[in-house]
Amino acid sequence: SVTLTGSVQRAYDGSTAAALLASNLSLDGLVSGESIGITQTQGQFASANVGSGLLVSAALGASDFAAGTGTLLSNYSLPTSASGAIGIITPRALSLSLSGEMSKVYDGLASITLSPATIGLTGLIAGETISVTATAATLASANVGSGVQTTLTLATSDYAAGAGTLLSNYVLPTSASAAITSVTPRSLSVTLTGSVQRAYDGSTA
């Protein structure tokens, strides 16, 4: 019989493919002094999603066995499959970035509401979608200036998964920062109030 041992680990990639090493395959029942190697390197996770202790299985054909010196494969009934709960799929890392340009009039606050177009999330598996729902960012300075450092800080609750996508399959970034904001001067207005009174003197002063 063949058993799968050790561990098979990789980051989430949306598939169930598992890469096996020779050390993951253990063959029992051989006559003392004889040897058979197993060359199968492809297996399957029972689930594509992140987890540990996942069942991994491998289909075996006659061509996946190699007889050692003095050993005949025909002397054995060769197993056709092997499995074991040795799989680990870890979350896939995503990258968060800010780009483009943002602008606001000076209001004394070191904050700005970002346009969704300025928030970029990369690293997703093709066909999967995650959107960022928070747009409130902080500025390094509330004062007038260009290229003001802008920081978006996120929690897990600030992400929304699309159909067929699990947030747990990804490492969700907690922040991104870039010098994308311009703070422009605030317009002031002057009005005359009250009254100005004097006796007639022939001038406009």
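Five strands line up in an open sheet in the order β2-β9-β7-β6-β3, and the pairing between them is mixed. The two edge strands are β2 (8-11) and β3 (17-19): each has a single partner strand, so one side of each is left without a neighbour in the sheet. Neighbouring strands here are turned by 40° against each other on average, ignoring direction. Keep in mind that you're looking at a predicted model.

**Inside the five-strand sheet**

- Strands of a sheet pair through backbone hydrogen bonds, and they can do that either parallel or antiparallel.
- Take β7 (residues 51-59) and β9 (residues 81-90): these two run antiparallel and share seven bridges.
- If you want a spot to zoom in on, find Ser52, which sits opposite Ile88 in β9.

**Ser47, a loop residue with distant contacts**

- Where is Ser47? Look in the loop between β6 (42-45) and β7.
- Ser47 counts as partly exposed, because its relative accessible area is 25%, which falls between the 20% and 50% cut-offs.
- Leaving out residues up to four places away in sequence, Ser47 touches Thr16, Leu54 and Ile89.
- Now compare Ser47 with Leu72: they are 25 residues apart in sequence, and their C-alpha atoms are 37 Å apart in space.

**Strands β16, β17 and β20**

- A hairpin links β16 to β17, using five residues to get from one to the other.
- β16 (residues 136-139) and β17 (residues 145-153) pair in the antiparallel sense over two bridges.
- Which residue of β17 is the bridge partner of Thr138? That would be Thr151.
- β17 also pairs with β20 (residues 175-184), again in the antiparallel sense, and here there are seven bridges.
- In that pairing, Thr153 stands opposite Ser175 in β20.

**Salt bridges**

- Side chains of opposite charge can pair when their charged atoms come close.
- How many salt bridges does a search of the whole structure find? The count is three.
- One of them joins Arg10 and Asp13, with N and O 3.0 Å apart. Arg10 is buried, at 17% relative accessible area, while Asp13 is partly exposed at 32%.
- Another joins Asp107 and Lys104, whose closest N and O atoms are 2.8 Å apart. Is Lys104 buried or exposed? Lys104 is buried, because its relative accessible area is 11% and the cut-off for buried is under 20%. Its partner Asp107 is partly exposed, at 38%.
- The side chains of Asp201 and Arg198 also meet in a salt bridge, at 2.7 Å from N to O. Both ends of this one are partly exposed: Asp201 has 48% relative accessibility, and Arg198 has 41%.

**A nonpolar patch on the surface**

- Val105, Tyr106 and Val144 make up a nonpolar surface patch of about 240 Å².
- Tyr106 belongs to the loop between β12 (102-105) and β13 (111-113).
- Why can Tyr106 be part of a patch, with a relative accessible area of 31%? Patches take residues with over 30% relative accessible area, so Tyr106, which is partly exposed at 31%, passes that cut-off.

Terms used. Residues numbered from 1 in each chain as written. Predicted model: local features only at pLDDT ≥ 70, side-chain atom pairs only at ≥ 80, totals over all residues. Heavy atoms only, no water. Salt bridge = Lys/Arg side-chain N within 4 Å of Asp/Glu carboxyl O. Buried < 20%, exposed > 50% of the residue type's maximum accessible area, 1.4 Å probe, protein only. Pairing = 2+ DSSP bridges. Helix = DSSP H or I, 4+ residues; strand = E, 2+ residues; numbered from the N terminus. Axes fitted to C-alpha atoms, helices over the stretch in contact; angles between N-to-C directions. Patch = residues over 30% accessible without salt bridge, like charges linked within 9 Å, V, L, I, M, F, W, Y side chains within 5 Å. Areas by Shrake-Rupley, 256 points an atom, 1.4 Å probe, with all protein chains shown as cover. Contact = heavy atoms within 4.5 Å.
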